[in-house]
Amino acid sequence: MDNFAISELSTLPKPRPIYGFTIDRETLEHLSPLHRAAAEVAIQTGKWHLV
């Protein structure tokens with residue numbers, strides 16, 4: 001990897017959790033498997049709320 005590619009990777013935005021976010025069951029069911037798994041963890045840890 002050249003220096004330009006390395007500097008591009010270091011400037012990419014990092015995902016930030018949205019504490020207190022609410023999501024409904026229908027939306028949760030329509031998420032991709034990867035996003036659904038992440039949402040379920042956020043719900044279980046109390047960061048998100050299922051309504």
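How many aromatic pairs does a search of the whole structure find? The search finds 1. That pair is made by F21 and W48, and its geometry is tilted, with 4.7 Å from centre to centre and 55 degrees between the planes. The two partners sit 27 residues apart and link distant parts of the chain, F21 belonging to strand β1 and W48 to strand β2.

Before going further, please keep in mind that this is a predicted model. The mean pLDDT of the protein is 83, and 80% of the residues score at least 70. Confidence varies along the chain: among the elements, helix α1 has the lowest mean pLDDT, 59, while α2 has the highest, 96. Where pLDDT is low, the predicted coordinates should not be read in detail.

Now for the overall layout. The protein contains 3 helices and 2 strands, and along the sequence they follow the pattern α-β-α-α-β. The table gathers the elements with their residue ranges.

| Element | Residues |
|---|---|
| Helix α1 | residues 3–10 |
| Strand β1 | residues 21–23 |
| Helix α2 | residues 25–30 |
| Helix α3 | residues 33–44 |
| Strand β2 | residues 48–50 |

Helix α3 is worth a look on its own. Its 12 residues reach 16 Å from the first C-alpha to the last, close to the 16 Å expected at 1.5 Å a residue. Just after α3 comes G46, which takes a positive phi of about 85 degrees.

What about the interior? Of the 51 residues of the protein, 10% count as buried. The largest nonpolar core has 5 residues in all: I23, L28, A39, A42 and W48. So W48 appears both in this core and in the aromatic pair with F21. Its partner F21 counts as partly exposed, because its relative accessibility is 32%, between the 20% limit for buried and the 50% limit for exposed. Within the core, A42 touches W48, and A42 also touches K47, leaving aside residues up to four places away in sequence.

Contacts across the chain are well represented here too: among those with a separation of 6 or more, 58% join residues 24 or more positions apart.

Finally, take H30, a residue of helix α2. Is H30 buried or exposed? H30 counts as exposed, because its relative accessibility of 64% is over the 50% cut-off. A polar atom of the H30 side chain lies 2.7 Å from the backbone oxygen of E26.

Note on methods: Residues numbered from 1 in each chain as written. Heavy atoms only, no water. Core = buried A, V, L, I, M, F, W, Y, C linked by side-chain atoms within 4.5 Å. Buried < 20%, exposed > 50% of the residue type's maximum accessible area, 1.4 Å probe, protein only. Contact = heavy atoms within 4.5 Å. Helix = DSSP H or I, 4+ residues; strand = E, 2+ residues; numbered from the N terminus. Polar contact = N/O pair within 3.5 Å; in protein donor to acceptor, adjacent residues only side chain to side chain. Phe/Tyr/Trp six-rings, centres within 6.5 Å; stacked < 30°, edge-to-face > 60°. pLDDT = per-residue confidence, 0-100. Expected span 1.5 Å × (residues − 1).
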